[in-house]
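Good morning, everyone. Today I shall present one structure, beginning with a term that we shall need throughout. Please look at the sequence and the model as they appear.

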Amino acid sequence: MRLEPIAAPGPMRRIGLPALALAATVVVACALSALAGANPARTLGLMITGAFGSKFALLETLNRATPLIFTGLAIAVAFKAKLWNIGAEAQLYAGALLTVLIGTQLGLPGPLAIPLMALGAIAAGALVLLGPALLKTRLGVDEVVTTLLLNFVMALFISYLLEGPLKDPMGMGWPKSPSIPRDARLPRIVDGLRLHWGFALALLCAAGVWVIQTRTTLGYEIRATGQNPEAARFAGIPVTRVIVKTALLSGGLAALAGFSEVAGLEGNLTTDLSASFGYTGIVVAMLALLHPLGVVVSALFVAGIFVGADSMSRAAEVPTYIADILLATALLFMVLAILLTKFRVVRG
Amino acid sequence: MTPKTPAQGPVLRLSGITKRFGNLTANDGISLSLARGEVVALLGENGAGKTTLMNILFGHYTADEGTVQVMGRDLPPGQPGAALKAGVGMVHQHFTLAGNLTVLDNVLLGTRPLLSLSSGRAEARARLAQLARDFGLAVDPDARVATLSVGERQRVEILKALYRDARVLILDEPTAVLTPQEADALFETLRKMTAQGLSVIFISHKLHEVMAISSRVLVLRHGKLVGEVATTDTDRHQLATMMVGAEITTPAPAKARPGAPLLTLEQVSTARHGERPGLTAVDLELCAGQITGLAGVSGNGQGALADLISGLETPTGGRILLAGEPVADWTPRAALDGRIGRIPEDRHKTGTIADFTLTENAVLESYATTATRGWMNWRDARTSTETIIDKYDVRCPGPDTRIRLLSGGNMQKLILGRVLEAAPRIILANQPVRGLDIGAVTYVQEQLIAARDAGAAILLISEDLDEILTLSDSIRVISGGRLSPAFPRGSKTPAELGQWMAGQGFNHAA
């Protein structure tokens with residue numbers, strides 16, 4: 001058995017195969033719930049209604065999708081330039097930290113504090129990825145290693161701050177930061193509904209990234225650098241500078257996830273602010289084939305699986321771990337589907 | 001078909017080989033037989049199906065129809081190694097040698113079980129020496145391959161095949177990397193081999209070599225066998241016509257009227273990269289309205305010179321002057337801003353981005369100057385790409401097609417259009433016609449001559465001496481990173497240039 005490249009894949013392959021991947025994921029979900037002793041059709045139904053079936057469920061899913069859109073975009077932007085940013089988690093926390101610092105320490109009025117928190121977060125996230133990007137372009141240090149390890153450095157640093165200098169004196173001993181004042185929080189989009197402007201900002205960022213990639217010289221340079229750095233350099237594109245700019249953009253986007261979670265939802269910083277949003281962002285970006293608008297769809301899909309599984313496990317006796325398994329399954333099937341859109345299997 | 005006994009029958013017979021890739025029929029009912037002691041030339045343009053045919057012979061592909069027989073016995077299809085075991089050896093265009101091992105180790109590699117106690121190296125050495133003597137393939141068995149010249153490495157490849165008792169030797173474009181003198185030595189070896197009953201398939205598109213060495217010529221075109229002639233009954237012109245399917249003309253440029261120097265290198269040196277030599281104190285002047293041809297055996301500094309003029313490489317010593325003005329920061333962007341048009345050696349790796357559309361590839365060098373405040377100007381980009389497609393006859397579905405779907409010739413035409421439409425004053429043409437159909441070759445060469453007549457200063461780098469002799473108004477030879485003096489058109493014979501290519505003459509000149 002060998003793989004033979006396909007010059008121009010037809011619509012059957014390009015649309016049919018990802019659909020098949022999704023169907024295969026559903027089959028695995030059914031098999032797993034049957035294995036757990038539940039009725040597969042009921043489990044599936046509960047998951048879908050739990051994620052999208054009511055206004056409450058839908059808003060919960062949108063809230064859950066918000067940080068994933070930011071981290072998914074961050075990963076998609078970086079991977080497009082073949083900059084393997086595995087450190088969105090660290091950039092997210094850097095953004096959250098700056099948000100809390102600006103929100104609690106400066107005592108600014110809300111309308112001034114909110115944009116300043118966002119800008120501070122972007123700068124912090126960009127800075128966290130700048131180091132690995134410079135090490136990569138100057139010394140050839142593998143950014144997979146540096147960005148991945150920075151996640152742990154950042155987690156320990158945040159933990160130190162929350163146990164020490166940034167610990168909330170009114171926090172009853174819990175490792176959490178003081179809360180930012182009410183008027184410096186992101187308002188809700190519709191009064192009474194638990195959905196904040198962070199979600200709208202995420203959609204705006206997705207559109208913005210799409211415009212950058214398709215309409216601007218920077219986007220063109222990023223794509224050229226990612227696809228063939230040698231040809232890009234030959235054509236006069238400053239490849240090194242493009243990678244550094246990509247890193248700043250990617251780090252900033254990941255940091256906005258932290259900003260949005262703190263200013264829109266939690267109000268303060270804790271060590272469990274992120275439910276691995278930085279890592280799940282990789283899955284989101286891969287499922288979206290690195291397309292910025294696709295990131296929105298795939299973030300909603302992934303968030304739906306998590307929220308749906310939570311709700312389902314309360315009603316049926318199936319553990320929530322099914323969400324992680326489904327996500328992994330969906331990713332594996334999708335990667336396989338992508339491979340088979342580009343290659344066909346031949347015998348001999 | 002009745003199988004004949006190997007003693008009198010053909011040593012190799014391909015019967016009715018057909019291989020399809022989707023809609024493309026790469027080989028269409030090709031039959032070929034090779035007699036003992038015979039040299040058969042396989043002639044055809046790129047994409048004619050030569051490589052596919054050889055891949056089927058060696059079991060890398062399975063033919064849809066047809067059979068392969070060696071010494072009268074059928075080879076099992078789709079089993080790499082079966083042909084090797086049956087006594088067919090191949091010398092590829094790109095050698096398959098381990099550079100860090102000695103010649104002897106390379107020859108022995110893979111010929112014996114991994115876990116044998118006795119090494120038998122003494123016998124092997126004696127046998128290798130005997131083969132080298134018999135066939136005129138002198139090479140030191142204890143030299144590390146990395147230290148050998150390209151010609152010597154080719155000898156090691158041939159020895160490797162002979163050591164495995166090859167009775168049939170297939171040579172794929174063997175002279176592409178050789179000086180004329182080395183090519184003559186190779187032909188001498190081939191004659192010795194056939195005198196001892198070995199058979200050779202010689203794959204080439206160089207007509208004069210085919211005429212010189214083969215006894216029979218098979219011509220492939222679009223996957224079909226279009227002609228089979230005894231070499232004595234044909235001539236170069238007829239072969240070329242069969243190969244292309246139409247009459248061909250070679251461009252004959254009018255006399256050049258050189259103007260002022262547009263690009264000058266003064267005592268420029270560049271760093272060495274691994275096995276690739278740098279330049280050593282090179283002086284070069286490219287004048288308006290003149291084609292300067294750079295002859296040389298591949299790997300002698302052509303890459304370094306091309307990278308330098310492209311802006312990829314910065315000099316470690318000496319000066320670069322554009323129209324008499326020394327340049328400061330030397331980058332690809334600076335070269336483009338100095339109106340140097342560059343046709344790169346490798347159109348897949350450096351010339352284009354495979355998954356980009358024609359439009360995206362066409363503006364690769366100009367997007368920055370046509371953009372307004374960071375916004376791409378896609379409408380203009382599309383229009384200018386359509387102009388290039390029309391004017392340079394790029395055969396493609398349209399400007400939004402991914403360039404990976406184009407043939408090499410059409411890709412090259414797009415690159416040519418990208419370069420020429422920018423109205424360059426200096427043109428670096430690095431192997432501009434390598435791998436192209438003869439039709440495309442003529443077209444590209446005519447465009448270069450037209451650019452010369454319009455006043456461009458052109459540096460033509462090629463490993464094909466015939467191309468250099470035809471097109472160049474002035475010839476420089478590169479060897480070991482040094483440049484020969486300029487030889488005006490017609491002042492040196494190929495043999496004399498060959499001596500310079502082999503590195504002779506430089507010491508007298510220095």
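A polar contact is a pair of N or O atoms within 3.5 Å; within protein, one of the two must be able to donate a hydrogen and the other to accept it, and residues adjacent in sequence count only if both atoms are side-chain atoms. Please also keep in mind that this is a predicted model.

With that term in hand, let us turn to the domains of chain B. Chain B is divided into domain 1 (1-87 + 167-248), domain 2 (96-165), domain 3 (261-339 + 423-509) and domain 4 (353-419). I shall concentrate on domain 3 and domain 4 of chain B, whose C-alpha centres lie 26 Å apart. To their contact, domain 3 of chain B contributes ten residues, and domain 4 of chain B likewise contributes ten residues.

How many residue pairs are in polar contact across the interface of domain 3 of chain B and domain 4 of chain B? The rule finds three such pairs, both residues being at pLDDT 80 or more. The count of salt bridges between domain 3 of chain B and domain 4 of chain B is zero. On the side of domain 3 of chain B that touches domain 4 of chain B, the elements giving two or more residues are α10 and α16 (438-453) of chain B. Of these, α16(B) gives the most, with three residues. Sorted by class, that side of domain 3 of chain B has seven nonpolar, two polar and one charged residues. Together, domain 3 and domain 4 of chain B bury about 860 Å² between them, and 68% of this area is on carbon and sulfur atoms.

The UniProt record also has something to say about chain B. In an unreviewed entry, UniProt places the feature "domain: ABC transporter" at residues 12-247 and 263-505 of chain B. In the model, the span 263-505 of chain B is 36% helix and 21% strand, with its end C-alpha atoms 26 Å apart.

I now move to the interface between the two chains. Here 27 residues of chain B are in contact with 22 residues of chain A. Chain B and chain A bury about 2300 Å² between them, with 61% of it on carbon and sulfur atoms.

Which residues form a salt bridge here? Glu360(B) pairs with Arg223(A), and their closest N and O atoms are 2.7 Å apart. The count between chain B and chain A is one salt bridge, while eleven residue pairs are in polar contact, both at pLDDT 80 or more. On the side of chain B that touches chain A, α10 (332-337) and α11 (347-351) of chain B are the elements that give two or more residues. By class, this side of chain B has 15 nonpolar, six polar and six charged residues.

Finally, let us consider chain A. The annotation "transmembrane region", from an unreviewed UniProt entry, covers several stretches of chain A, among them 144-162 and 279-309. Residues 144-162 of chain A are 100% helix and 0% strand, and their end C-alpha atoms are 28 Å apart. Residues 279-309 of chain A are 87% helix and 0% strand, with end C-alpha atoms 19 Å apart.

I close with a single residue, Ser313(A), which is in helix α12 (residues 292-315) of chain A. The side chain of Ser313(A) reaches the backbone oxygen of Asp310(A) at 3.1 Å. Leaving aside its neighbours within four places in sequence, Ser313(A) is in contact with Val318(A), Pro319(A) and Thr320(A).

Technical notes
Residues are numbered from 1 along each chain as its sequence is written. Chains are lettered from A and ligands numbered from 1 in the order in which they are written. This is a predicted model: local features need pLDDT of at least 70, side-chain atom pairs count only at pLDDT 80 or more; totals for chains, interfaces and linings use all residues. Side-chain values use heavy atoms; hydrogens and water are left out. Contact means heavy atoms within 4.5 Å. Buried area is the accessible area (1.4 Å probe) that two parts lose on being put together, summed over both. A salt bridge is a side-chain nitrogen of Lys or Arg within 4 Å of a carboxyl oxygen of Asp or Glu. Helices (H or I, at least four residues) and strands (E, at least two) are DSSP runs, numbered from the N terminus. Ala, Val, Leu, Ile, Met, Phe, Trp, Tyr, Cys and Pro count as nonpolar, Asp, Glu, Lys and Arg as charged, and the others, Gly among them, as polar. Domain bounds come from an automatic or database domain assignment. UniProt positions are given in the numbering used here, feature names are shortened, and annotations may be inferred rather than shown by experiment.
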